[in-house]
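Here is a structure to read closely. Have a look at it before starting on the questions.

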Amino acid sequence: MSERVVSKITKESVSALDMAARLDEGSLCPVALVEETFANIRSSDPAIFTELFEARALKEAHASRQRRRDGKPLSPWDGIPIAWKDLFDIKDRVTTAGSVILKSNVPAPCDANMVANASQAGLVSIGCLNMTEFAYSGLGLNPHFGTPKNPHGSGPARIPGGSSSGCGVAVARGLVPLAIGSDTGGSIRIPAGLNGIVGYKGSSVAFPNGGTLPLSPTLDTFGPLAADLKSCIGAAQILNGRAIAIPKPSPIDQLKFFIPSNVVFENAQEAVIQNFEASVRALEQAGATITRGVCDEFDDIGALARKHGYLVGPEALDVHWDLVHSAQAKQIDPRILDRILDAGEMSARDLLVIQRKRARLIEKNRQALDKQIVLFPTTPITAPKLKPLEEDDDLYLQTNKLMLRNTALGNFLDWCGVALPNGIDENQMPTSILLSMTSGRDSDLLAAALSVESVLLKADDRST
């Protein structure tokens, strides 16, 4: 197999860690930073944000500046801008989840748990980020607020990935150093991968979910998107109300990786495979242990879905039952509405069988993998062109299914996952490699991913 198509991803994104260091040394002022942030947002793609919190952000920035002058910052990241996917409650604001149909809802009485934890650490909430309506697609299209354009490549606009579309583009464009999203089938890792940044999806219990609008209460997970993994790790600790402490990278020669040979490489683009194999060679040369084989659970998940359907469907239908059966339903993106209503075809037994077999597959997979890190491409394709997907519903459905295929496996098995950029294709579109571990091994995964990120960055430096 030939060498990967290209290496470096040109980034506009900025590290939250670097920004915090500048705030600490006094070369950056929280107020000036927020003012510059809003100026950059106003001159950028208007579809990235659904709402800006200028009054709140400036108030928070002034308070941060005073704390720093007094030598009493709330945390090392006091004054860092942060933005939220539009399904996090923000006090006195209606949570719209990328939909116009929810605008008449009652405003949130308080901030979501994670938003409150960020504020208590001094982070400055900039606004809410665009998303696929109700978070129900991996492509990122939104007919109500517009679709954020992928900042990479040239020529026709390409998709941002979803459902955390605004999160991926806002970080990749350097508008904010941190964006917080949700992930039900890949909605953090896909936009991270397609936009050439880092995305961390926690296990199901890794983050407090109070004050978030669900899509699938069983499968919903959360996490940050950022320019680098250390920024993601620091953000994750803040979101949990903990002090920032970056773990030591795991020694690369002590890490064991497992590459599934089934499912995840089917219909993959050549550049995605080439860049993945180049990354694997770099890890092997650094001393990592790599094994390949069949992951039986992947085939079992596919067979279960073909026979009984998908778990997300009936849960999404339950969450949005009143809306999709109301006169207002015609205001919902028809592609989203159809997917939600299709779940009505499933029987009660289908749902019970899926739930029962999922529990068994999670335990079987936990025993099979033990401490191994699963490794495969985040998405089998790079970001496709936007316009054909807007115009062709069949193409939309086919592409959405392919885009979600790899990442959704991790949600079903309750894995934690980290998407890392690992190159670009012939059209200058990013590719990404996904590291996953079984539920509850988030700390182990993040420590391992730090080592992998270092290896990939060194490989990039050598190839340019």
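The questions below concern a predicted model.

Q: Which residue has the side chain of opposite charge nearest to aspartate 220?
A: Aspartate 220 is buried, yet has no salt bridge. A salt bridge needs the charged atoms within 4 Å. The nearest side chain of opposite charge is 8.1 Å away, and belongs to lysine 85.

Q: Which side chain makes a polar contact of 2.6 Å with the side chain of aspartate 220?
A: Aspartate 220 sits in the loop between β5 (198–201) and β6 (221–226). Its side chain reaches the backbone nitrogen of leucine 215 at 3.0 Å. The contact asked for, at 2.6 Å, is with the side chain of threonine 184.

Q: Where do the buried residues of α2 lie around the axis, on the same side or on opposite sides?
A: Helix α2 covers residues 30–42. Its buried residues include Val31, Leu33, Val34 and Phe38. They cover an arc of only 165 degrees around the axis, so they lie on the same side of α2.

Q: Which strands do the buried residues of α2 pack against?
A: The buried residues of α2 pack against both helices and strands. The helices are α1 (16–25) and α3 (54–69). The strands are β1 (49–52), β2 (81–85) and β3 (124–129).

Q: How far apart in space are tyrosine 396 and leucine 139, C-alpha to C-alpha?
A: Tyrosine 396 belongs to helix α15 (residues 393–412). Its relative accessible area is 0%, so tyrosine 396 counts as buried. Leucine 139 is among its contacts. The two are 257 residues apart in sequence, but in space their C-alpha distance is 8.3 Å.

Terms used. Residues numbered from 1 in each chain as written. Predicted model: local features only at pLDDT ≥ 70, side-chain atom pairs only at ≥ 80, totals over all residues. Heavy atoms only, no water. Helix = DSSP H or I, 4+ residues; strand = E, 2+ residues; numbered from the N terminus. Buried < 20%, exposed > 50% of the residue type's maximum accessible area, 1.4 Å probe, protein only. Lys, Arg positive; Asp, Glu negative; His and termini not counted. Polar contact = N/O pair within 3.5 Å; in protein donor to acceptor, adjacent residues only side chain to side chain. Contact = heavy atoms within 4.5 Å. Expected span 1.5 Å × (residues − 1). Arc of directions from axis to C-beta. Lists of a residue's contacts leave out its neighbours within four places in sequence.
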